[in-house]
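Subject: Structure handover and side-chain contacts

Dear colleague,

Here is the structure for your files. Please have it open while you read the notes underneath.

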Amino acid sequence: MATKPKNKLPTDRLLPRITMKLFGFPKTMLVLWVALIVFGGLSYTVLLKREGFPSITIPIAIVNGTYIVDDASKVDSEVAKPITDLVLKDSNVSMVQTTSQGNFYNIVVQYKESTNAQDAIKKLKADVANKLDLPTTATTQFSAPYFGVTGGDSKKIDDLVSLYKPAGTPATTEQLAVQADKAVKYLNDHKPPLVKTFFVKDPFQTATNPITGQQATVQQIFDRYGVRDNGKNNYYTAISIGVTGLDNVDVIKLDNQLKPLLSDLEKQPFMKDYAAAISASNAPSITDEISELQRVLLEGLIAVLVIGSIVIAIRASIITVLSMITVILATLGFLFLIGYSLNVITLFALILGLSLIVDDTIIMTEAIEASRRTEKSARAAIALAVRKISRAMVAATLTATLSFAPLIFVSGILGSFIRAVPITIIASLLISLIVALVFIPLFAR
């Protein structure tokens with residue numbers, strides 16, 4: 001009676017057949033692996049942008065201004081309420097919050113999640129100008145908040161520079177404002193390639209009193225810059241200079257371009273006795289996150305190498321470490337291809353994913369190591385290992401990916417923030433499965 005060949009793969013097992021088919025082209029797979037490693041390395045070191053947070057559209061508009069009448073009810077009835085009533089006629093508006101004071105008003109408009117705030121502001125600005133007859137002495141400003149380095153700024157700020165006077169007679173805010181205008185002119189005349197513009201965050205707002213006809217200037221922003229010297233904190237009155245970088249700018253490269261420029265600025269004659277320093281930037285936190293990722297990856301690889309050498313074999317541990325590096329670099333390449341950046345969210349997801357991607361690699365490596373004890377040829381050992389554990393690996397990986405999938409569909413601002421976490425982790429899990437089925441047999445060859 002005829003017997004079935006020992007290592008013949010069942011015709012209904014797709015994954016073992018694919019794995020063994022690719023196993024027959026070692027040179028081609030080696031070239032593919034090298035290309036994957038190179039592309040991943042370039043994505044990590046050059047291609048991926050570094051930024052603080054992912055770019056998020058916030059469906060909020062802010063309208064504020066002055067009406068110097070020293071009467072909150074008059075400010076509300078003649079300026080704030082007409083604007084609010086006009087805003088509420090827009091079907092895309094979900095909520096309006098208005099605050100009126102003696103000479104100021106502030107209106108926060110929250111739109112539906114699908115609304116583009118910039119487009120909504122342009123429409124609102126045109127409607128206020130064309131449909132309302134506001135007092136001529138009332139001022140209006142329209143802005144949309146951004147997640148900048150100083151929080152929910154109304155203007156995009158990638159870095160913040162503080163201009164202050166560290167020695168001699170303390171400078172007043174008015175003196176600092178004059179100095180800041182000179183500094184901004186110099187900075188814009190010599191701006192580096194990654195900077196779109198420098199601008200002064202004007203602490204003053206001027207309005208006209210409708211009764212007396214006189215102009216009044218009010219300070220609305222009070223900034224201070226602190227320096228720690230010889231164990232003592234020194235605080236100085238300061239003026240903030242906003243730095244807006246190009247779209248999707250790399251904040252680390254931007255920071256590196258600003259430092260020598262500020263050093264040149266302080267050497268200018270008009271900056272005598274004054275100083276300028278970067279007071280807010282995402283670059284240090286991103287640098288720390290990248291260092292943390294590298295440290296955790298190195299510690300994880302060492303742990304896998306040591307434990308794998310004891311439990312399985314030294315050769316198997318080396319294959320596992322090589323596979324984990326492949327998964328991380330391939331995931332970084334994937335993030336670049338889908339337009340993501342290296343930010344605090346994606347870096348957190350990569351660190352979290354390190355504990356998950358090791359499963360497939362260890363399972364496949366251990367299975368091949370066990371099979372080679374009973375099989376004489378490498379092909380037979382790999383065929384047996386893949387046939388035994390491929391279904392279990394796919395089931396385990398898909399279960400893990402499905403547990404993160406619901407996070408992709410979280411809506412609103414929260415969803416915009418955390419969506420990078422499930423996408424990064426799911427990508428790393430699926431890539432780890434592919435590496436286990438395709439490249440680990442190549443390494444084990």
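The notes below cover salt bridges, aromatic contacts and a nonpolar surface patch.

Please keep in mind that this is a predicted model.

Salt bridges

The search of the whole structure gave 7 salt bridges. Side chains of opposite charge can pair when their charged atoms come close. Three of the bridges are described here, each within a helix.

In helix α4 (residues 117-131), D127 and K123 are 4 residues apart, which means that about one helical turn separates them. Their side chains meet in a salt bridge with an N to O distance of 3.1 Å. D127 is buried, because its relative accessible area of 15% is under the 20% limit. K123, with a relative accessible area of 46%, is partly exposed.

Helix α6 (residues 251-266) holds D255 and K259, also 4 residues apart and so about one helical turn from each other. The closest N and O atoms of this salt bridge are 3.8 Å apart, which still counts because the cut-off is 4 Å. D255 is buried, at 6% relative accessibility, while K259 is partly exposed, with a relative accessible area of 49%.

The third bridge joins E299 and R295, with 2.6 Å between the closest N and O atoms. Both residues belong to helix α7 (residues 283-311), where a spacing of 4 residues puts about one helical turn between them. E299 is partly exposed at 43% relative accessibility, and R295 is partly exposed at 38%.

Some salt bridges share partners: K123, D127 and K131 are joined into one network in this way.

Aromatic contacts

Across the whole structure, 5 aromatic pairs were found. One of them is F39 with F336, an edge-to-face pair with 6.2 Å from centre to centre and 65° between the planes. F39 lies in helix α2 and F336 in helix α8, so this pair ties together parts that are 297 residues apart in sequence. F39 is partly exposed, with a relative accessible area of 28%, and F336 is partly exposed at 30% relative accessibility.

Elsewhere, one aromatic cluster is formed by Y164, Y225 and Y236.

There are also charged groups placed over rings. The charged end of R50 sits over the ring of Y44, at 5.6 Å from the ring centre. Likewise, the charged end of K165 sits over the ring of Y274, at 5.9 Å from the ring centre.

Nonpolar surface patch

Which residues make the nonpolar surface patch? They are L30, V34, V38, L42, V46, L47, F334, F336, L337 and I338, and the patch covers about 800 Å². Helices α2 (26-47) and α8 (314-337) are the elements that give two or more residues to it. The largest share, 6 residues, comes from α2.

V34 is one of the patch residues and lies in helix α2. Its relative accessibility is 39%, so V34 counts as partly exposed. F336 also appears in the patch, in addition to its aromatic pairing with F39.

If you look at one place to start with, I suggest helices α2 and α8, where the F39 and F336 pair and the nonpolar patch can be viewed together.

Regards

Technical notes: Residues numbered from 1 in each chain as written. Predicted model: local features only at pLDDT ≥ 70, side-chain atom pairs only at ≥ 80, totals over all residues. Heavy atoms only, no water. Patch = residues over 30% accessible without salt bridge, like charges linked within 9 Å, V, L, I, M, F, W, Y side chains within 5 Å. Areas by Shrake-Rupley, 256 points an atom, 1.4 Å probe, with all protein chains shown as cover. Buried < 20%, exposed > 50% of the residue type's maximum accessible area, 1.4 Å probe, protein only. Phe/Tyr/Trp six-rings, centres within 6.5 Å; stacked < 30°, edge-to-face > 60°. Lys NZ or Arg CZ within 6 Å of the ring centre and 35° of its normal.
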